Amino acid sequence: MTCEEVGRMLDAYVDENCSPEERTAIEAHLHSCTSCASAALRRLQMKRATREAAARYSPSPDFRRRIEESIRAKQRPAHWFSWGRPLAALATA
Amino acid sequence: MPLVLAQPARWICPQQPAIEPWPDNFPLGYTVHSVTERAGDTGSFEELAMPHFARLFNFACWLTAEKAAAEDLVQETYMKALRGFSGFQQGTNFRAWIYRILRNTFLTSQAGLKNSTSIDDDEIAFEPSTDVTPEAILIAQVEQETIRRALEQLPLNSREVILLCDLEEMSYQEISQTIGVPIGTVMSRIARARKSMRTLLGSRKVATQ
């Protein structure tokens with residue numbers, strides 16, 4: 001692989017989205033090319049730094065509870081207390 | 001001696017990981033299976049949806065830039081997802097499915113429409129600096145706040161792919177499913193977003209604020 005080819009694939013390499021064959025070829029190039037290896041390292045650093053910086057906002061426990069309650073309320077069968085059951089019970093009484 | 005890169009370790013979880021509380025249980029290097037790698041998602045709505053809660057909220061905050069709006073967005077997402085859950089094909093990728101709902105809900109909201117139509121890559125005002133380079137900033141491990149500011153300044157379509165790729169560690173295929181564009185477009189957007197990040201980090205505007 002040439003430096004240009006590796007440069008085009010560096011994002012996919014750092015993101016682990018290239019094929020095993022591509023990965024092997026890229027790594028072979030990185031072992032012999034300090035310039036491309038430095039570029040790959042910088043991208044990896046950037047990716048990690050972005051990940052750390054972006055994990056920023058946390059939902060409050062209260063908000064989580066509200067969502068869980070909303071889900072359960074919506075999932076509860078609307079007809080669980082309908083006239084059907086009392087009438088059936090009366091009929092069999 | 002050439003540099004040898006240490007790739008982040010891949011954590012392969014058989015099911016949706018327990019990811020809360022946030023952010024203590026948010027290890028760097030964590031990777032969920034890609035669409036093709038992972039076993040399909042099966043389970044009740046709550047079992048599938050709640051493990052994504054904290055991350056969806058974080059993603060929503062990055063989209064809306066406002067906590068109250070993010071809460072509204074997440075709530076609407078969960079209610080829409082619950083209503084549409086019968087249409088979710090068990091065994092497919094639930095994460096891409098619910099992120100897509102959140103994203104589409106945001107884009108069709110007033111804030112989303114404004115965000116997606118008023119900002120473009122070309123509109124970022126870059127101020128190149130000769131003495132502050134992105135590399136120097138990163139090597140010196142300059143504060144996360146600088147990177148956050150750069151992220152905030154990215155246009156929406158760049159910010160979302162960076163978040164999905166770097167924070168959520170989605171595969172390109174999963175991102176493609178989430179935002180509804182071909183993988184080639186995902187790759188070009190990621191490349192463009194990172195270029196913008198590098199430029200922003202190298203600019204006085206972000207570095208010295």
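Let's start with the contact between the two chains: chain B puts in 52 residues and chain A puts in 42 residues. Please keep in mind that this is a predicted model. The area buried between chain B and chain A comes to about 4800 Å², and carbon and sulfur atoms give 61% of that.

Now, what holds charge across this boundary? Eight salt bridges are found across the interface of chain B and chain A. There are also 18 residue pairs in polar contact between chain B and chain A, counting pairs with both residues at pLDDT 80 or more. On the chain B side, the elements that give two or more residues to the surface touching chain A are α1 (45–49), α2 (53–64), α3 (67–83), α6 (134–139), α7 (144–153), α8 (156–167) and α10 (183–201) of chain B. Which of these gives the most? That is α10(B), with seven residues. If you sort the chain B side by class, you get 34 nonpolar, six polar and twelve charged residues.

Let me stay with α10 of chain B for a moment. B:R194 forms a salt bridge with A:D15, and the closest N and O atoms are 2.8 Å apart. This pair crosses between chains: A:D15 is in the loop between α1 (3–14) and α2 (20–32) of chain A, while B:R194 is in helix α10 of chain B. Are these two residues buried or exposed? A:D15 is buried, and B:R194 is buried too.

Next, have a look at B:E71. You'll find B:E71 in helix α3 of chain B. Its salt-bridge partner is A:R66, with the closest N and O atoms 3.4 Å apart. This one also crosses between chains, running from helix α3 of chain B to helix α4 of chain A. The two ends sit differently with respect to solvent: B:E71 has a relative accessible area of 14%, so it counts as buried, the cut-off being under 20%. A:R66 has 33% relative accessibility and therefore counts as partly exposed. And these are not the end of the charged story, as salt bridges that share partners join A:D11, A:D15, A:R43, A:K47, B:D166 and B:R194 into one network.

What else does B:E71 touch, leaving aside its neighbours within four places in sequence? The residues in contact with B:E71 are A:S60, A:F63, A:R66 and B:F57.

Over all chains, the structure holds 21 salt bridges. Here is one that stays inside chain A: the side chains of A:D62 and A:R65 meet with 3.4 Å from N to O. Where do these two sit relative to each other? Both are in helix α4 (residues 61–75) of chain A, and because they are three residues apart there, about one helical turn separates them. On accessibility, A:D62 is at 39% and so counts as partly exposed. A:R65 is at 43%, so A:R65 counts as partly exposed as well.

On to the rings. A search of the whole structure finds 14 aromatic pairs over all chains. One of them is B:F45 with B:Y78, an edge-to-face pair with 6.3 Å centre to centre and 85 degrees between the planes. This pair links distant parts of the chain, with B:F45 in helix α1 of chain B and B:Y78 in helix α3 of chain B, 33 residues apart. B:F45 is buried, at a relative accessible area of 1%. B:Y78 is buried too, at 0%.

If you follow the ring pairs further, they link A:F63, B:F45, B:F53, B:F57, B:Y78, B:F85, B:F88, B:F94 and B:W97 into a cluster. You may recognise A:F63 and B:F57 in that list, as both are in contact with B:E71.

Last, a few words on chain A. How many helices and strands does chain A have? There are five helices and zero strands. From the N terminus on, that reads α-α-α-α-α. Chain A has 93 residues, and 35% of them count as buried. Among contacts in chain A with a separation of 6 or more, 54% come from residues 24 or more positions apart.

Technical notes. Residues numbered from 1 in each chain as written. Chains lettered and ligands numbered in written order. Predicted model: local features only at pLDDT ≥ 70, side-chain atom pairs only at ≥ 80, totals over all residues. Heavy atoms only, no water. Contact = heavy atoms within 4.5 Å. Buried area = accessible area lost by both parts, 1.4 Å probe. Salt bridge = Lys/Arg side-chain N within 4 Å of Asp/Glu carboxyl O. Polar contact = N/O pair within 3.5 Å; in protein donor to acceptor, adjacent residues only side chain to side chain. Helix = DSSP H or I, 4+ residues; strand = E, 2+ residues; numbered from the N terminus. Nonpolar A, V, L, I, M, F, W, Y, C, P; charged D, E, K, R; others polar. Buried < 20%, exposed > 50% of the residue type's maximum accessible area, 1.4 Å probe, protein only. Phe/Tyr/Trp six-rings, centres within 6.5 Å; stacked < 30°, edge-to-face > 60°.
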